[in-house]
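Visitor: Could you take me on a close look at a single part of this protein, and show me how it sits within the whole? I work at the bench, so plain words and residue names suit me well.

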Amino acid sequence: MKYVLLIPDGASDLPHSDLDGRTPLEVARTPNFDALAQRGRIGSCLTVPDSLPVGSDVANMALFGYDPVKYYTGRGPIEAASMRVPLNDHDVVYRCNLVSSDGEIMVDYSGGHVTTEEARVLIETLEARLGGRRFTFYPGMSYRHLMVWRDGEPGQKTTPPHDIMGEPLAPHLPTGEKDEVLRQLIWDSLELLDGHEVNRRRRAEGHPPANMIWLWGQGFAPKLEPFSTLYGLPGAVVAAVDLIRGIGHLAGLDVLDVPGATGYLDTNYQGKGEAALAALDRLDFVFIHVEAPDEAGHQGDADAKIAAIERIDADIVGPLRAALDAREGGWRFLALPDHATPLALRTHHRGPVPFLLYDSRQALGGPRLPFDERGLAETRFHVERGEEMVPLLLDNP
């Protein structure tokens, strides 16, 4: 048996007026999802416990099969595992976004989707001027970076920048123990980066500047039991973003590199599908994550979100379906968003998401429902905890 878990990040949504009261999942042309749904079963899942924030970090930790109430410590240290950042037990890791700001307002959580090459120059500038024994800045991809506070304090309240687009900065700055240290780093970064050559060039080209950092998602390094120990089989992860790759590393899974996989709308969808199939030649489980629908949701771009969903169906689900149907032994497939990222809200939204479970060996019971939000109201197949989804996929309740 082969097992595929596919996460179209943030693909779930709310009915939208620009789509005649429908959602992107309802509007998108998805013949492969539709065919699997006809023989599979549609259900709903609460991926995030009420006690934790609605984010891809919490939700995906659960969807890897780990109870986030037990294992979750923060987003930053998960991404540090992907980037192989050395940590001791007292180091606190923060997600360090490069953002666009006028000094008062959060203009863009992604610094206008600054390129990785531009971002590296900016992060290196911060490390040279603000880094040292106490703080270290680590460049990642595009706007996503890390800052480590050696022997630091993790107890502040911080806010994801994508939750405060267009809002004043001041009410959302870090608060709590030694918050003045983090606030000073944020304001110092604005002074250093606003007039930087990279941002002068970006402005001249009509792009928003990546002129400030935003610190959030802090925590100590978590420790996960190996996936193979918990679930009895080795596996692989196909993902571009450091968050998902980090969980994969912490879980002892084989984390694959896919050329052209960006974690953005222009990612290499076909390459992800091909990498997943290649992994299944030697392993029995693969976790595939696609960030694009979430990015489109944060931008409020309905057309981009629909296009991303259609690309996932055509370039990942279609080839997987054709290749695995031709193999002996059978395969099981589970697809679900980690959370909703509604176009109207442009941030994450708490609540159940639809899932599609398929088994090539048999038609699964239940009414024939579409793989979209309509299934949430009509299904009687409800899963209350995200960490129950891997056992469901493995047919091992």
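**A close look at helix H3**

Guide: Happy to. A compact globule of 397 residues would have a radius of gyration near 21 Å, and this protein has 21 Å, which agrees. Please keep in mind that the model is predicted. Along the principal axes, the C-alpha atoms fill a box of roughly 60 × 45 × 35 Å. Within it are 15 helices and 13 strands, and 60% of the 397 residues count as buried.

Now to the part itself. Helix H3 covers residues 56-63 and is mostly covered: 8 of its 8 residues are buried. Walking along H3, you meet Ser56, Asp57, Val58, Ala59, Asn60, Met61, Ala62 and Leu63, each of them buried. Buried here means under 20% relative accessible area. An α-helix has 3.6 residues a turn, so residues three or four places apart point the same way.

What do the buried residues of H3 pack against? Their partners include strand S1 (2-8) and strand S10 (285-290). The helices they pack against are H4 (68-71), H5 (75-82), H10 (242-250) and H15 (389-393). Beyond the end of the helix, H3 is followed by glycine 65, whose phi is positive, near 100 degrees.

Contacts across the sequence are a theme of the whole protein too. Of its contacts with a separation of 6 or more, 74% are between residues 24 or more positions apart.

Two residues elsewhere make good companions to this view. Glutamine 218 lies in strand S7 (residues 212-219) and, at 9% relative accessibility, counts as buried. A polar atom of the glutamine 218 side chain lies 3.3 Å from the backbone oxygen of proline 154. Setting aside residues up to four places away in sequence, glutamine 218 touches several others, among them Thr73, Gly74, Pro77, Tyr94 and Thr158.

Threonine 159 is found in the loop between strand S6 (144-149) and helix H7 (179-193). Its relative accessibility is 16%, so threonine 159 counts as buried. Apart from neighbours within four places in sequence, threonine 159 is in contact with Ile164, His172, Trp214 and Trp216. Threonine 159 and aspartate 108 are 51 residues apart in sequence, with their C-alpha atoms 14 Å apart in space.

Finally, step back to the outside. The protein exposes about 15400 Å², of which carbon and sulfur atoms supply 49%. It has 38 positive and 58 negative charges, and the mean positions of these two sets are 3 Å apart.

Key
Residues are numbered from 1 along each chain as its sequence is written. This is a predicted model: local features need pLDDT of at least 70, side-chain atom pairs count only at pLDDT 80 or more; totals for chains, interfaces and linings use all residues. Side-chain values use heavy atoms; hydrogens and water are left out. Helices (H or I, at least four residues) and strands (E, at least two) are DSSP runs, numbered from the N terminus. The radius of gyration is taken over C-alpha atoms; the globule rule is 2.2 Å times the number of residues to the power 0.38. Buried means under 20% relative accessible area, exposed over 50%, partly exposed in between (1.4 Å probe, protein chains only). Contact means heavy atoms within 4.5 Å. Accessible areas come from the Shrake-Rupley method with a 1.4 Å probe; for residues, only the protein chains shown count as cover. Lys and Arg count as positive and Asp and Glu as negative; His and the chain ends are not counted. The place of a charge is taken as NZ of Lys, CZ of Arg, CG of Asp or CD of Glu. A polar contact is a pair of N or O atoms within 3.5 Å; within protein, one must be able to donate a hydrogen and the other to accept it, and residues adjacent in sequence count only if both atoms are side-chain atoms.
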